[in-house]
Structures are given as structure tokens and as C-alpha cells.
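Hi,

Here is the structure I promised to pass on. Have a look at it first, and then read my notes below.

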Amino acid sequence: HKIPLETVLRALSDIFGTAPQLIAHNAKFDLEFLRVEGIEPTGFCHDTMVMAHLENEDERKSLEAVAVRLGFTTWGEQAGWKKTIEDERKEIAKRTGRLLADVRFSEVPLYLLADYCVLDLEFTEKIASVYLPKMAGYTAEPIHGNVYETECKLIPALVEMEKNGVYLDAEYLGGMKSAFEDAQAEAQEKV
């Protein structure tokens with residue numbers, strides 16, 4: 001049984017449009033996905049991937065890697081669902097003559113997505129329960145508090161930049177190029 005996409009999008013829009021804060025892992029990806037569907041979250045978006053990076057910048061940041069590191073799962077629990085979903089998307093692409101990148105997750109039967117989504121939600125919530133109190137505690141340490149809050153506030157801007165591109169001032173850059181070439185020529189003369 002498949003729920004009509006319009007029903008799902010309307011429910012998600014109601015939830016994300018009124019939530020005072022959101023918690024996601026790799027929030028940029030989630031915000032991009034929601035915006036493609038016309039959903040504009042308005043609340044502050046916490047990101048457990050950013051939290052994991054602040055806690056240990058040298059460790060892997062995937063949802064599964066962080067969940068394993070914190071003892072919430074073992075490697076491979078999600079792998080079966082990921083493979084099943086990707087296999088279904090490949091089959092849809094083959095059947096319809098489209099590229100895999102053009103097959104939306106909304107085309108995958110809900111019963112295949114449900115368990116995978118529940119695992120994602122559970123892991124994200126558990127990771128947030130460990131890291132979010134630490135982020136709040138960093139407010140006394142200006143560098144950590146500012147970095148975390150700034151990173152999270154920049155996520156929607158990054159989504160917009162990727163969607164719309166970034167304006168470059170060609171005239172200004174041309175001036176920089178000329179100045180650099182002059183400095184380079186001067187340095188070469190000295191050598």
C-alpha cells in the first residue's frame with residue numbers, strides 16, 4: 001500500500017514548518033531533499049554529524065560509523081536495507097530507462113524504506129542524546145559554542161548556494177589576477 005506523495009509532503013510540511021528545532025545527521029542532505037519537495041523547515045537545525053566532528057575530527061562521520069563508535073549498533077545492521085533500497089532504485093531505473101540519479105526515493109515502495117528510516121531516526125536520536133548536552137555545555141567555551149552554532153546556522157545557506165550557485169565578481173577577480181601576475185613577475189626578477 002502506497003501513501004499518495006501529496007499526503008506525505010503535506011504532513012511533512014506541517015511538521016517541519018512549525019518545529020522550533022530539528023535534529024538530523026548530515027542536515028545539509030536532508031534540507032536539500034526537503035527543499036526539492038517544496039518543504040521549508042523554519043526551526044534551528046541541529047546536526048549530529050557536525051557534533052561528531054567537533055567531538056573527534058579524525059573519526060569517520062557517517063551515521064553508521066558514529067552509531068557504532070557510541071555502541072548503538074554493529075557494522076552491517078543498515079547495510080542490508082541500503083542494498084535492498086539501491087537494488088530497487090536500480091530496477092526502477094532499468095525498467096524506465098532512466099539514470100539511477102533520476103530515480104527518486106518516493107518511487108521506492110514504502111515497505112522497503114520503513115525499517116531503514118526507523119534505524120536512521122533511532123541512531124540520530126541516540127547520537128543527539130549523547131552529543132547535544134555536550135554542545136550546550138560548550139557555550140561557556142566561546143570557540144566550541146560559536147563553531148557549533150555557526151556551522152548549524154550556515155547549513156541552510158550552503159543548501160541555497162548549491163542550489164543557486166555563487167556569484168563571482170569577474171571584474172574584481174580579473175584585478176586580482178593582474179595584481180598576482182605583477183607580483184609574480186617582480187618575484188621572478190628578484191630570483
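Before the notes, one cut-off: I call a residue buried when its relative accessible area is under 20%. Keep in mind that this is a predicted model.

By that cut-off Cys45 is buried, because its relative accessible area is 7%. Cys152 is buried as well, at 2% relative accessibility. I wondered about a bond between them, but a search of the whole structure turns up zero disulfides. For Cys45, the nearest cysteine sulfur is that of Cys152, 7.0 Å away. A disulfide needs the two sulfur atoms within 2.5 Å, so the sulfur of Cys152, with its closest cysteine sulfur 7.0 Å off in Cys45, is too far away for a bond.

Next along the chain is His46, which sits in strand S2 (residues 44-47). His46 has a relative accessible area of 9%, so His46 goes down as buried too. What does its side chain pair with? There is a polar contact of 2.7 Å between the side chains of His46 and Tyr148. Leaving out residues up to four places away in sequence, His46 also touches a good list of others, including Gln21, Leu22, Ala27, Met51, Leu132 and Cys152.

S2 runs parallel to S1, and four bridges join the two strands. One of the pairings puts Ala24 opposite Asp47 of S2. S1 itself (residues 21-24) has an alternating pattern: Leu22 and Ala24 point to one face and are buried, whereas Gln21 and Ile23 point to the other and are not. That fits the textbook picture, since side chains in a regular strand alternate between the two faces of the sheet.

After S1 comes a loop leading to H2, and Asn26 is in that loop. Asn26 caught my eye because its phi is positive, near 65°, and Asn26 is not a glycine. Most residues other than glycine have a negative phi. With 27% relative accessibility, Asn26 is partly exposed.

Then there is H2 (residues 27-36). Which of its residues are buried? They are Ala27, Leu31, Leu34 and Arg35. Viewed down the axis of H2, these buried residues fall within an arc of 95°, so they line one face of the helix. Gly38 follows H2 and has a positive phi, near 85°.

On to the nonpolar cores. The largest has 14 residues, and Ile127, Tyr131 and Tyr148 are the ones that touch the most other members. At least two residues of this core come from each of H3 (48-55), H4 (63-69), H6 (110-137) and H7 (142-164). H6 gives the largest share, five residues. Ile127 is in contact with Thr48, Leu63, Val66, Ala67, Leu70 and Phe72, if you set aside neighbours within four places in sequence. Another core, of eight residues, lies apart from the largest one, and among its members are Ala19, Leu31, Cys45 and Ile155. Two residues from earlier turn up there: Leu31 from H2 and the buried Cys45.

Last, a loop residue: Pro109 is in the loop between H5 (79-96) and H6. Its relative accessible area is 21%, so Pro109 counts as partly exposed. Pro109 and Glu88 are 21 residues apart in sequence, and their C-alpha atoms are 8.6 Å apart in space.

Cheers

Methods. Residues are numbered from 1 along each chain as its sequence is written. This is a predicted model: local features need pLDDT of at least 70, side-chain atom pairs count only at pLDDT 80 or more; totals for chains, interfaces and linings use all residues. Side-chain values use heavy atoms; hydrogens and water are left out. Buried means under 20% relative accessible area, exposed over 50%, partly exposed in between (1.4 Å probe, protein chains only). The arc is that of the directions from the helix axis to the C-beta atoms. A nonpolar core is a set of buried Ala, Val, Leu, Ile, Met, Phe, Trp, Tyr and Cys residues joined through side-chain atoms within 4.5 Å. Contact means heavy atoms within 4.5 Å. A polar contact is a pair of N or O atoms within 3.5 Å; within protein, one must be able to donate a hydrogen and the other to accept it, and residues adjacent in sequence count only if both atoms are side-chain atoms. Two strands pair if DSSP finds at least two bridges between them.
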